Amino acid sequence: MATIVQKFGGTSVGDTDKIKRVAKRIKQGMDEGHSVVTVVSAMGKSTDKLVELADEITDNPDPREMDMLLTTGEQVTISLVVMALKELGVDAVSLTGWQAGIVTEEVHQDARITDINTSTLEGHLNDGKAVLVAGFQGVSEDGNITTLGRGGSDTTAVALAAALEAESCSIFTDVTGVYTSDPRYVKKARQLGSISYDEMLELAHLGAGVLHPRAVEFAKNYNVKLVVRSSMENVEGTIVEEEATMEQNLTVRGLAFDKNITKVTVERLPNHYDTMSNLFKLLAEEGINVDIIIQQMTADHGVNVSFSIDSGNLGKTLDLIHGAKETLCYSEVRHESSQSKVSIVGSGMISNPGVAADMFKVLAEEEVAIKMVSTSEIAVSAVVPEKDMIRASEALHTYFGLDEKEQEKIELAKQA
Ligand code: ADP
Ligand code: ASP
Ligand code: MG
């Protein structure tokens, strides 16, 4: 019997009616002759509510205790879905991450899965049961409960699909698939029929919240057939696969954005071999993630170094740099908050020079200030003021031919 893995996100299990609907879908999969493993998230916004509870107690919660707290959300959902299945006469069992054999590194709040022991899970499948697994959680070798980072239930599902050599892994969510950009903000965004692992990975890293980046990484490494689809409507989703067909020969496949970025500039550092290493070691040792880095010579032979960070890390970053003023030997440190990053992604860029130039032209026409730029083989990103993020995204979306055409809208309406 072929095994299928499916995952339902927070909105898709937001209340008990939706949970009953998920149970019906699981039953349907079993009636079609599949062994069904289902991963679920915490109900609705309940993970955010747990974070708020911790915030009411402390500004600096212990990461181990945060994991202990947040993993309770998913446990509520697995038990309720099993109850709903039993009401439908389906034999089912719920498993926490550790009961499902998901082993992670000894890291809290952003752990990577290192191993999966599927024997318990397979035992239940062999007994003909539907298996419900709590998403986003695992256990370290030392027996501590860990979580995989916000949005990590996608990764639980894809990792289980890889370990079980499942036929497919479906990610059921509140949109009908992967779009050219976040349809909640870019009104003319269009659903893609398929997208390659590499493009999806880049989009996910650059802020497209529809899939957790590590889920895409697992899917690519283990060649998992991954489909993103709606939990509400029975319409075709988006397939994430090795080679996606390029619609209309477009260079750019999608666009992502990310806010809460701050640009920090450290001025007139000494022009020494170890300047960059001293500055960034200081930040790395405190776990501060730095994204784009720019180094510039000054007229008097010093160097200015600018870098972008998540705005949440600004206080810590400034404290560290101020505290090391004597050893770093700089003149001043400045920062610009309320920035964002807008990125265009597409494997067609490899063979198409001038995409970055076109992007800058569009931003110039929109009078959007470009603060920093970074490129990879298949992406170009620009840091721009947060107030301009959506306007810039919409202009780029139109320029690169991604807008939904009126005709397609009519077709989609007919299908619905
Ligand atoms: P879930 O709770 O099911 O995991 P998420 O909120 O994590 O759902 O992901 C779905 C959301 O991702 C959508 O509601 C949409 O706003 C957002 N999103 C961002 N980028 C994209 C994109 N390129 N395509 C589709 N959805 C996107
Ligand atoms: N419940 C977790 C979160 O809200 C994990 C997930 O939904 O994927 O981030
Ligand atoms: Mg998600």
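In the predicted model, glutamate 267 is buried, its relative accessible area being 16%. Glutamate 267 takes part in a salt bridge with arginine 334, in which the closest N and O atoms are 2.7 Å apart. This pair connects distant parts of the chain: arginine 334 belongs to strand β16 (residues 332-345) and glutamate 267 to strand β13 (residues 254-269), with the two positions 67 residues apart. Arginine 334 has a relative accessible area of 39% and is partly exposed, whereas glutamate 267 falls under the 20% limit and is therefore classed as buried.

Strand β13 also contributes arginine 268, which pairs with aspartate 300 in the loop between β14 (290-297) and β15 (303-310). The side chains of aspartate 300 and arginine 268 form a salt bridge with an N to O distance of 2.7 Å, and the two residues lie 32 residues apart in distant parts of the chain. Both partners are partly exposed, with relative accessibility of 40% for aspartate 300 and 42% for arginine 268. Elsewhere, Glu366, Lys387, Asp388 and Arg391 are joined into one network by salt bridges that share partners.

A further salt bridge links arginine 112 to glutamate 217, the closest N and O atoms being separated by 3.4 Å. Here too the pair spans distant parts of the chain, since arginine 112 lies in the loop between β4 (102-104) and β5 (113-116) and glutamate 217 in helix α7 (residues 213-222), 105 residues apart. Arginine 112 is partly exposed at 38% relative accessibility, and glutamate 217 is likewise partly exposed at 24%. In total, 15 salt bridges are counted in the model.

Ligand 1 is surrounded by 17 residues, of which Thr173, Asp174, Tyr179, Asp182 and Arg184 come nearest. By class, this shell comprises six nonpolar, seven polar and four charged residues. Polar contacts to the ligand involve both side-chain and backbone atoms of the protein. An N or O atom in the side chain of threonine 173 lies 2.7 Å from an oxygen atom of ligand 1. Glycine 10 places a backbone N or O atom 3.2 Å from a ligand oxygen atom, while a polar backbone atom of tyrosine 179 is 2.9 Å from a nitrogen atom of the ligand. Ligand 1 taken alone exposes 570 Å², and 85% of that area is buried by the protein.

Technical notes:
Residues are numbered from 1 along each chain as its sequence is written. Chains are lettered from A and ligands numbered from 1 in the order in which they are written. This is a predicted model: local features need pLDDT of at least 70, side-chain atom pairs count only at pLDDT 80 or more; totals for chains, interfaces and linings use all residues. Side-chain values use heavy atoms; hydrogens and water are left out. A residue is near a molecule or strand if one of its heavy atoms lies within 4 Å of it. A polar contact is a pair of N or O atoms within 3.5 Å; within protein, one must be able to donate a hydrogen and the other to accept it, and residues adjacent in sequence count only if both atoms are side-chain atoms. Accessible areas come from the Shrake-Rupley method with a 1.4 Å probe; for residues, only the protein chains shown count as cover. Ala, Val, Leu, Ile, Met, Phe, Trp, Tyr, Cys and Pro count as nonpolar, Asp, Glu, Lys and Arg as charged, and the others, Gly among them, as polar. A salt bridge is a side-chain nitrogen of Lys or Arg within 4 Å of a carboxyl oxygen of Asp or Glu. Helices (H or I, at least four residues) and strands (E, at least two) are DSSP runs, numbered from the N terminus. Buried means under 20% relative accessible area, exposed over 50%, partly exposed in between (1.4 Å probe, protein chains only).
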